[in-house]
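Please find my notes on this model below. They are in numbered points, for reading beside the coordinates.

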Amino acid sequence: MTLCAVLLALCVLLFLLMRLVLSGREIKAESCTPAEAGSIAIRTPAPTILDLYAYFDWTETTTIKVYDHRADKLVDMDLEEYIVGVVSAEMPAYYDFEALKAQAVASRTYTLYSMAHGGCHTNPDADVCTNSKCCQAFSTHERMQNAWKDDYANNYNRVAQAVMETAGEVLIYDGKLCDALYHACSGGQTENSENVYANALPYLRGVDSPYEDPMREEDVDFGTDALVELIAAKYPESGITKDNVRDGIAIEKAYESGRVETLRLGKTKITGKQARNLFGLRSTMFTVAWTEKGIVFHVKGYGHGVGMSQNGANGMAKHGSDYREILFHYYTGVSIASYGADGITEQATPAPESTGNPFVPEG
Ligand SMILES: [Zn+2]
């Protein structure tokens, strides 16, 4: 399949997705930053791209409308060019090449899924925006140059190649696009979607992430006075004081992954996510210990823990996995679909022993 065919096919996909958007049949929902924790429902139902493909129209282009929140302007951009900017911003360019490719597929899938759900929810005219608090993070060429300096050309080419080599590839489950959430580091175990968001999705199951590199462990400590002040300001009903604080804080329930489900705070209890926000922790995978001076939260991982761990993807790549194996590991039961002039011409599914040709002919 030629790149040209892929791009043409993407035109169709985008056109159809936009038709859905314009027709108002999409389910509007809040966007979230996949690499940063969210507290919202995962958007459902998933767009059925295999069905949409029947409406093919070659005259459309792959141009999408990107709102640059720093420059405050709407920019027309080719989808794949946009994905290069996203991968540049969402994953370090020095990560293993296969991890960059996995990121490109995840980001492309996430983008199209978002577009089918109304696009950027803070900028109605835009398909996506560059604000990581709303859509995915994005680097312009200027930002790449500032960040990478002398390495700009090498890094840009590396990321662009990862995007190009996976052009048009998306993750599907049961014939539908996936909400391809990802996060920086799982701490060794990813999380079931329903433990972070409102709904359980079959491809967002908690899995081992054995090669986190690095694990991003950190200790966050608070002196007793500061701790009590913080809790009393946000949760006065807890009744936490300097006298009872040591007995008043305890992890009440944890998920199998080790992430905190509920934390007792005196007379009240809060969720792990609320605790993460309150204490400014990188994740909800934490333990509590006391020192003479106060409390220490030992935290593992970075982010919500759902979907692909970027550090884990890099670790898997370093241990010999290709991007498909990485994606199949973190997104349970998914396939990789590519679009071309003849429809879906390739469909990669996990091989039983992952040694043979991963492509299984359609139908
Ligand atoms: Zn946005």
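**Notes on the fold**

1. Of the chain's 363 residues, 53% count as buried. The model is a predicted one. Its secondary structure comes to eleven helices and 15 strands. Take the contacts between residues at least 6 apart in sequence: 69% of them join residues at least 24 apart.

2. Next, a helix pair. Helix α4 spans residues 97–115, and helix α6 spans residues 152–165. Their axes come within 8 Å and cross at roughly 60°. That angle falls outside the 65 to 115 degrees that count as roughly perpendicular, so α4 is oblique to α6. The crossing of the two helices is right-handed.

3. Which residues make the contact between α4 and α6? On the α4 side they are Phe 97, Leu 100, Lys 101, Ala 104 and Arg 108. From α6 come Arg 158, Gln 161, Ala 162, Val 163 and Glu 165. By class, the residues of this contact divide into five nonpolar, one polar and four charged.

4. Now a sheet. Three strands form an open sheet in the order β7-β12-β11, and the pairing is antiparallel. Strands β7 (218–223) and β11 (286–290) stand at the edges. Each has a single partner strand, so one side of each is left without a neighbour in the sheet. From one strand to the next, the twist averages 20°.

5. How many bridges join β7 to β12? There are six, and the two strands run antiparallel. Strand β12 covers residues 294–299. One bridge can be placed by residue: Glu 218 has Val 299 of β12 as its partner.

6. A helix packs on this sheet: α7, residues 224–234. Helix α7 touches β7, β11 and β12. The direction of α7 makes about 85° with that of β7.

7. One residue deserves its own point. Gln 310 is found in helix α10, which runs over residues 310–318. Is Gln 310 buried or exposed? Its relative accessible area is 5%. Buried means under 20%, so Gln 310 is buried.

8. What does Gln 310 touch, leaving out residues up to four places away in sequence? The list has Glu 90, Met 91, Tyr 95 and Gln 103. Tyr 182, His 183 and Ala 184 are also on it. Of these partners, Gln 103 lies within the residue range of helix α4, the helix that crosses α6 in point 2.

Notes. Residues are numbered from 1 along each chain as its sequence is written. This is a predicted model: local features need pLDDT of at least 70, side-chain atom pairs count only at pLDDT 80 or more; totals for chains, interfaces and linings use all residues. Side-chain values use heavy atoms; hydrogens and water are left out. Axes are lines fitted to C-alpha atoms, for helices over the stretch in contact, and angles run from 0 to 180 degrees between N-to-C directions. Helices (H or I, at least four residues) and strands (E, at least two) are DSSP runs, numbered from the N terminus. Angles under 35 degrees count as roughly parallel, over 145 as roughly antiparallel, 65 to 115 as roughly perpendicular and the rest as oblique. A crossing is left-handed if the near helix is turned anticlockwise from the far one by less than a right angle, and right-handed if clockwise. Contact means heavy atoms within 4.5 Å. Ala, Val, Leu, Ile, Met, Phe, Trp, Tyr, Cys and Pro count as nonpolar, Asp, Glu, Lys and Arg as charged, and the others, Gly among them, as polar. Two strands pair if DSSP finds at least two bridges between them. Buried means under 20% relative accessible area, exposed over 50%, partly exposed in between (1.4 Å probe, protein chains only).
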